[in-house]
Amino acid sequence: PPTSTTRRAAGALPIFEGDVQFGEGGKVELSDDLKERGGMLEEDKQRREFIKELAQMILEQQEQQNEGQEGEEGEEKNPGAPSLPVSQLPFPDQVKERITGVVIYQAGSEVVIEEGSVDETKGIYCPLANPNDFLVIIRGGLRLELIRGEDEGVSVRFEGLTKAENVQPGESLPVGGGMKLFVGSATILFGPPELAWWAVLVIVFCCVATAVIAGVVLWLLYRRWRHRR
């Protein structure tokens with residue numbers, strides 16, 4: 001249970017010792033008291049600040065716990081990026097309706113996602129706390145870059161081309177590659193990968209070709225039947 005010792009504040013809410021606990025594989029559990037305090041925040045900006053600063057604290061705490069820890073072969077232990085259910089934080093409803101959890105990454109990270117490992121029930125959260133903070137996600141060879149501007153707005157680049165500039169907190173947009181961005185700081189949701197135009201063309205061509213071949217086969221069978229009669 002939380003004690004009276006305050007570690008720091010997140011979105012003007014105090015964070016006490018025991019409010020944040022790490023489990024196996026980087027899974028994070030928040031105290032019921034902290035979840036209740038976060039859920040009582042009424043303004044969207046307060047909620048965004050609370051989530052962002054709490055995520056930063058979680059990343060810092062994990063890094064501190066990892067310092068000096070070594071594996072059996074002298075390698076530093078790596079429990080993986082921290083993750084927690086979205087139900088424990090005041091995320092927007094449109095995020096909670098799509099996913100059940102988020103994996104938290106430091107600003108400046110480059111996250112490579114193999115298509116076979118995509119879990120559409122989980123998203124990525126990155127606290128872009130300062131101007132020029134960025135996050136890079138590579139999915140199926142497609143590169144997405146998110147860069148924070150001087151204010152809270154985020155610029156989006158996809159495959160080297162500017163997709164959008166100064167996307168404001170609370171706004172969302174599809175960014176390509178089956179990914180969708182919610183700003184505040186940056187929450188990425190995953191969906192099925194998008195098909196390139198040539199892939200659609202190939203699929204359509206295959207369907208047409210199959211139909212034509214089936215028609216020819218039926219016509220030949222009909223002629224053979226007529227000939228026998």
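Analyst: A pocket is an open set of points, on a 1 Å grid over the protein atoms alone, with protein on both sides within 12 Å along at least five of seven lines; lining residues have an atom within 4 Å of a point. This is a predicted model, where local features need pLDDT of at least 70 and side-chain atom pairs pLDDT 80 or more, while totals for chains, interfaces and linings use all residues. Residues are numbered from 1 along each chain as its sequence is written, and side-chain values use heavy atoms, without hydrogens and water.

User: Thanks! What lines the largest pocket?

Analyst: The lining has 23 residues, with Asp44, Arg47, Pro90, Phe91 and Pro92 nearest the centre. Two or more residues come from each of α1 (32–39), α2 (44–66), α3 (93–96) and β14 (179–183) (helices are DSSP runs of H or I, at least four residues; strands are runs of E, at least two; both are numbered from the N terminus). The pocket's volume is about 390 Å³, meaning the space filled by probe spheres set on grid points joined across faces, edges and corners.

User: And what makes a space a cavity instead?

Analyst: A 1.4 Å probe fits at its points but cannot get out. The structure holds 1 cavity of 30 Å³ or more, and the largest has a volume of about 90 Å³. Among its lining residues are Lys52, Leu128, Arg148, Glu152 and Val154, and α2 gives the most, with 3 residues.

User: Arg148 is in that lining. How do you know whether Arg148 has a salt bridge?

Analyst: A salt bridge needs a side-chain nitrogen of Lys or Arg within 4 Å of a carboxyl oxygen of Asp or Glu. For Arg148, the nearest side chain of opposite charge, Glu152, is 5.4 Å away (Lys and Arg count as positive, Asp and Glu as negative; His and chain ends are not counted). That distance is beyond the 4 Å limit, so no salt bridge is assigned. Arg148, in strand β10 (residues 142–148), is nonetheless buried.

User: Why is Asn132 called exposed or buried?

Analyst: Exposed means over 50% relative accessible area, buried under 20%, and partly exposed in between (1.4 Å probe, protein chains only). Asn132 has 56%, so Asn132 is exposed. Asn132 sits in the loop between β8 (122–126) and β9 (134–139), and its phi is near 75°, a positive value in a non-glycine residue.

User: What class does Glu159 get, and why?

Analyst: Glu159 has 43% relative accessibility, so Glu159 counts as partly exposed. Its place is the loop between β11 (154–158) and β12 (161–167), and its phi, near 55°, is positive too.
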